[in-house]
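Trainee: Could you pick one spot in this structure, look at it closely with me, and then work outwards from there? I'd like one connected story rather than a list.

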Amino acid sequence: MKKLTTYGLGLVAGLAAIAATPAAYADDPQFFPMLVYRTGPYAPNGIPSANGMRDFYMLSNKRDGGANGVEIAVEECETEYNTKIGVECYERLKGKHGGATLVNPYSTGITYQLIPKAPVDEVPILSMGYGQTAAADGRVFPWTFNFPTTYWSQASAFIRYVGSEEGGMENLKGKKIALVYHNSAYGKEPIPTLEKLAGIHGYELTSLAVDHPGQEQKATWLQIRRLRPDWIFLWGWGVMNQVAIQEAAAIRFPMDHFIGVWWSGSENDVIPAGDAAKGYKAGTFHSVGATAQVHEDILEHIYGGDLEEAKKNNFGEVLYNRGLVNAMLGVEAVRTAQAKYGNRRMTGAEVRWGLENLDVGEERLAELGFGDFTRPIKVTCEDHEGSGPVLIQQWDGEKWSLVSDWIEPIREVVRPMIEEAAAAFAAENNITPRDCSAES
Amino acid sequence: MIYREAGQFKTSYGADQAMLPIAQDRWAVGAAVAVMLIVVPSIANEYMLQAVLIPFLILSLAAIGLNLLTGYAGQLSLGTAAFMAVGGYMAYKFTTAFPGLNLLVVFILSGVCAAGVGLVFGIPSLRIKGFYLAVATLAAQFFLNWTFNKVPWFYNYNSSGTITMPPRELFGVMAAGPEATAETRYFIALVVVIVLTVVAKNLVRGRVGRSWMAIRDMDIAAEIIGFRPYQTKLLAFAISSFYCGVAGAMYLCLYLGSAESEAYSIDLSFEVLFMVIIGGLGSLLGSFLGAAFIVLLPIFLTNAPQLAGFHMPIDVQKHIELMVFGGLIVWFLIVEPRGLARLWQIAKEKLRRWPFPY
């Protein structure tokens with residue numbers, strides 16, 4: 001009986017605790033909820049991204065005094081890259097610290113879940129280089145932003161890069177290109193673009209799916225051995241990347257003909273393969289290493305000059321840098337909104353306006369410490385992507401270095417596809433695309 | 001003293017065969033339903049409804065479905081999530097093909113489709129039993145998940161393979177899609193779960209349920225006294241899959257909003273199986289208790305350290321949560337292998353003698 005009473009009391013206490021969870025704060029900072037994954041099969045990639053974002057938000061508070069004097073607050077929630085837990089996290093965080101104003105889902109699956117919620121909750125989504133590509137059409141997706149560039153743009157940039165390596169786009173004819181992709185919404189993203197471009201340039205595309213989490217790829221690489229492709233694109237994430245690079249090395253595929261998406265090109269992906277990974281390439285939309293002014297500032301303000309401690313927090317790694325760029329663009333969107341609405345805490349709707357009118361030029365990038373580190377970005381009402389160019393980086397066994405100039409995507413092919421996909425989404429979900437000429 | 005049926009006389013067959021023969025039980029269940037229907041929506045906030053109670057209700061329904069098959073008919077299944085996926089994908093197909101179709105009709109049609117698929121995958125149960133049957137249903141899990149990923153017809157040929165529930169109304173109120181309030185979705189889930197629970201309760205205490213239990217307890221003896229194993233087992237598969245299909249449809253329409261086939265992965269099958277085992281095999285109450293344990297406890301463990309004032313790195317917190325959760329499962333199974341429902345039964349027996357136990 002006593003045992004049962006204890007159970008009963010425990011249950012009641014538990015339910016009461018769940019009910020009491022979301023707490024509201026009195027003072028209002030600018031709140032960025034952080035959906036991160038520091039555990040689970042995707043943790044090796046989740047940790048550096050999260051650290052980069054965290055460090056830049058903290059740097060904004062310490063170096064720049066917040067966003068024009070408004071303190072930036074962050075709170076992390078562990079998603080394990082699991083869509084359900086991610087949505088639970090979002091629901092838990094969105095009411096805290098005076099309300100979330102901008103969410104970076106950091107997972108394509110979670111982004112898909114949040115896109116319909118964004119206009120209702122008035123929390124804009126910045127899915128930087130991931131998520132639903134069609135969201136680049138701002139007329140159908142007013143609350144979702146995926147600048148500086150999307151998967152489809154990147155896929156077209158890859159084809160352009162391969163074309164230039166082969167000595168001209170006309171030489172693509174008859175070439176065999178294999179795509180090894182994560183069997184999920186994320187991995188399937190590039191397929192329509194690559195198929196469309198295959199029709200134009202006459203290369204032969206083979207798409208090979210790898211199921212979550214991607215540790216088992218023997219069958220896939222057996223197929224590749226039989227196929228003997230000229231180029232391989234890798235659209236993986238987490239442990240799948242490491243395995244794919246090791247498998248490619250095992251079949252002695254020439255590494256410099258093996259190109260990963262920007263989520264398949266971090267230190268964690270190549271180091272396990274050792275020397276065999278030398279020559280492996282990947283896309284990116286910012287520079288490499290701890291070379292920018294912002295890195296010096298972080299070292300000084302956050303780590304007190306302790307480079308060892310900073311390295312433990314992935315300082316200067318590819319995904320850490322991407323976290324920095326992502327956080328910087330979010331904070332800049334708040335500042336853009338403040339220029340219109342005044343220097344106070346911005347609401348979600350105001351941050352949305354800031355994102356849509358974001359215009360970060362070379363000068364501003366230099367002021368923020370990102371001079372020459374990434375490209376200027378200009379977002380418009382129609383175009384939430386910015387159609388940004390892509391760089392190719394290469395692993396030399398110890399570090400990444402850039403091996404290409406900025407490659408422009410094939411916009412005349414990609415943009416109509418985006419508009420078509422957005423129109424299909426609008427039709428299915430009863431959305432009337434807004435008229436951008438009426439926006440201010 | 002308070003929980004005692006002395007003095008409650010049954011004067012008709014109807015009263016004797018009532019679903020809840022003891023008056024106190026009727027009041028307790030009535031009060032619970034009233035609280036869920038009236039009190040909870042008025043005090044619970046959106047987080048509580050959306051992230052805690054709606055998944056709890058939907059997974060309870062899936063657990064009831066599996067409990068009918070595994071707990072009552074004795075057929076072990078690892079394909080629950082696959083049958084839920086059939087429900088989810090068919091709900092999407094029905095509602096996009098016929099936008100005017102009533103949402104409740106969509107749920108029922110999805111359940112019927114899942115029942116059909118369940119029938120097909122139930123055929124091996126005539127020849128194989130126990131663990132071998134579990135492996136056969138595991139094939140259903142992998143095959144169906146693969147199908148929903150591979151055949152673009154199921155996700156209307158969109159590029160990402162994700163199904164998104166379009167906005168839908170039910171009796172003039174937004175019921176699905178982003179503009180539907182958490183309260184509305186909670187109400188729909190609750191009503192469907194209550195109705196289907198009453199149906200299940202009457203199934204298991206009637207002829208059908210008794211034939212299932214006879215097959216479960218000893219199939220040869222059941223066959224000798226006149227139950228046809230083929231029809232009985234297939235019926236169990238069909239009805240169980242119907243419940244799972246409806247749960248899967250609600251999982252998409254009322255909870256997730258958009259999903260890819262990964263949402264109905266093998267992990268979900270195991271989760272529902274754990275609910276049934278921890279809650280209690282062969283008990284409808286156990287399905288609810290098990291779902292509460294599996295859904296609510298991790299959320300409570302995630303929130304507990306912050307409420308208690310501890311601020312630790314979230315990865316450490318997550319690891320502690322996983323360890324505590326795993327430990328609790330093992331502890332419960334050692335303390336009460338027959339599940340939480342059995343604990344409740346013991347409590348009721350003790351309550352009868354309270355406060356003068358002998």
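Mentor: Sure, let's start at P355(B), which sits in the segment after α14 of chain B; helices here are DSSP runs of H or I with at least four residues, strands are runs of E with at least two, and both are numbered from the N terminus. The bond to look at there is the one joining W354(B) and P355(B): it's a cis peptide bond, with omega about 5 degrees. Keep in mind that this is a predicted model, where local features need pLDDT of at least 70, side-chain atom pairs count only at pLDDT 80 or more, and totals for chains, interfaces and linings use all residues. For the labels, residues are numbered from 1 along each chain as its sequence is written, and chains are lettered from A and ligands numbered from 1 in the order in which they are written.

Now step back from P355(B) to the interface. In all, 38 residues of chain B are in contact with 38 residues of chain A, where contact means that the C-beta atoms of two residues, placed from the backbone, lie within 7 Å. On the chain B side, at least two residues each come from α3 (46-72), α12 (284-307), α13 (314-335) and α14 (340-353). The top contributor is α12(B), with six residues. Sorted by class, that side of chain B has 17 nonpolar, 15 polar and six charged residues; Ala, Val, Leu, Ile, Met, Phe, Trp, Tyr, Cys and Pro are the nonpolar ones, Asp, Glu, Lys and Arg the charged ones, and everything else, Gly included, is polar.

Staying in chain B, have a look at L254(B) in helix α10 (residues 229-256). L254(B) counts as buried because it has 27 C-beta neighbours inside 10 Å; the rule is 20 or more other C-beta atoms within 10 Å for buried, 12 or fewer for exposed, and anything in between for partly exposed, with C-beta atoms placed from the backbone. L254(B) and I54(B) are 200 residues apart in sequence, yet their C-alpha atoms are 7.7 Å apart. Setting aside residues up to four places away in sequence, L254(B) touches I54(B), I58(B), A176(B), R185(B), I188(B) and A189(B). For a contrast, go to R210(B) in helix α8 (residues 207-217) of chain B. R210(B) is partly exposed, since 14 other C-beta atoms lie within 10 Å. R210(B) and R26(B) are 184 residues apart along the chain, with 23 Å between their C-alpha atoms.

Across in chain A there's another cis bond, from F147(A) to P148(A), with omega near 5 degrees. P148(A) belongs to the loop between β4 (144-145) and α5 of chain A. Helix α5 (residues 151-165) then meets helix α7 (residues 191-201), their axes coming within 9 Å and crossing at roughly 35 degrees; axes are lines fitted to C-alpha atoms, for helices over the stretch in contact, and angles run from 0 to 180 degrees between N-to-C directions. W152(A), A155(A), S156(A) and I159(A) of α5(A) make that contact with T193(A), L194(A), L197(A) and H201(A) of α7(A). Those residues split into five nonpolar, three polar and no charged.

That brings us to the domains: chain A is divided into domain 1 (25-149 + 291-381) and domain 2 (151-284 + 389-412), with bounds taken from an automatic or database domain assignment. Their centres, taken over C-alpha atoms, are 27 Å apart, and 16 residues of domain 1 are in contact with 23 residues of domain 2. On the domain 1 side, α2 (43-64), α4 (108-121) and α13 (318-341) of chain A give two or more residues each. That side has eight nonpolar, six polar and two charged residues.

The largest nonpolar core has 135 residues, of which V180(A), I232(A), F233(A) and M328(A) touch the most other members; such a core is a set of buried Ala, Val, Leu, Ile, Met, Phe, Trp, Tyr and Cys residues joined through C-beta atoms within 7 Å. The biggest share comes from α13(A), with twelve residues. Both domains of chain A give residues to this core, so it lies between them.
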